[in-house]
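User: Could you take a close look at the nonpolar core for me, and then tell me how some spots elsewhere in the chain compare in burial? I'd like the cut-offs spelled out as you go.

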Amino acid sequence: MPEMHDKRTCSNCKQTKHTSFFYKRGNRFRSHCIDCIADKRIQKISTLKVSTPQSKICGKCGIDKCSSDFHKNSTVKDGLASLCKKCKSEYDASVSHIKDESRKKHSSNSKKYRREWYESNKLLKRFYTAKRRSLIKNATPVWQDAKSIRDIYMNCPSGYEVDHIVPIVSDIVCGLHVSNNLQYLTRAENIKKGNKLV
Ligand SMILES: [Zn+2]
Ligand SMILES: [Zn+2]
């Protein structure tokens, strides 16, 4: 029966429904139908509301305070923050300088990380830049093994640059971005060569 493939039985309400009533997780359907999931969610929200207490003991000063003295926090069961507003603002003030420092540290770290990444991936970056350029110029034939081109870039000796023997951009002839059109030249040689065919 081919239509059975389009139907599933919900493990919660036991009803057989079309698969469009089921969410997917990866490429498998979830066992509960969307109606049951929605019901569960509504139930959860309503129990959260019901259980919000009139008062609560602050986790810092230990004083039993009115629920309006606490910030709301929907991620916890009673819907209230664990510290009262007064303790929370004191806490925030006491940690603000730590936060600033860690933010500074983090941003300088990520700068350092980016620089290190750039240094270690310079060769790979050149490969991608050349690849991008060649794609724009339509110079890479589809049959060309991309790995062999990449290897040429990755194995480029220091002080040398990868050069297109027949330039990709030339008035006379357009070279291809293929491995046998690549050679190593020093930067000075490469500049001297420019777009000329030598
Ligand atoms: Zn169901
Ligand atoms: Zn408090």
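Analyst: Let's start with burial: a residue is buried if 20 or more other C-beta atoms lie within 10 Å of its own, exposed if 12 or fewer, and partly exposed in between, with the C-beta atoms placed from the backbone. Keep in mind that this is a predicted model, where local features need pLDDT of at least 70 and side-chain atom pairs count only at pLDDT 80 or more, while totals for chains, interfaces and linings use all residues. Residues are numbered from 1 along each chain as its sequence is written, and chains are lettered from A and ligands numbered from 1 in the order in which they are written.

pLDDT is the predictor's confidence in each residue, on a scale from 0 to 100. Here the chain averages 78, and 78% of its residues reach 70 or more. There are five helices and ten strands, where helices (H or I, at least four residues) and strands (E, at least two) are DSSP runs numbered from the N terminus. Of those elements, strand S6 (residues 64-66) has the highest mean pLDDT, 93, and helix H3 (residues 122-136) the lowest, 68.

Now the core. Of the chain's 198 residues, 9% count as buried. A nonpolar core is a set of buried Ala, Val, Leu, Ile, Met, Phe, Trp, Tyr and Cys residues joined through C-beta atoms within 7 Å. The largest one has five members: Cys58, Phe70, Leu80, Cys84 and Cys87.

Phe70 sits in strand S7 (residues 70-72), and it counts as buried because it has 23 C-beta neighbours inside 10 Å. Two residues are in contact if their C-beta atoms, again placed from the backbone, lie within 7 Å. Skipping neighbours within four places in sequence, Phe70 touches Lys56, Lys65, Leu80, Ala81, Cys84 and Lys85. Its C-alpha is also 7.7 Å from that of Ser82, twelve residues away in sequence. With the same neighbours skipped, Leu80 has contacts with Thr52, Lys56, Ser67, Phe70, Lys72 and Asn73.

As for spots elsewhere, Asn155 lies in the loop between helix H4 (146-154) and strand S9 (160-164). Asn155 is exposed because just 11 other C-beta atoms fall within 10 Å. Its C-alpha is 9.9 Å from that of Tyr184, 29 residues along the chain.

Asp6, in the segment before S1, is exposed too, with 10 C-beta neighbours inside 10 Å. Beyond four places in sequence, Asp6 is in contact with His18 and Thr19, and the C-alpha atoms of Asp6 and His18 are 5.7 Å apart.

Lys14 is in the loop between strand S1 (7-9) and strand S2 (16-18), and it counts as exposed because it has 8 C-beta neighbours inside 10 Å. Its phi is near 65 degrees, a positive value in a residue other than glycine. Most residues other than glycine have a negative phi.
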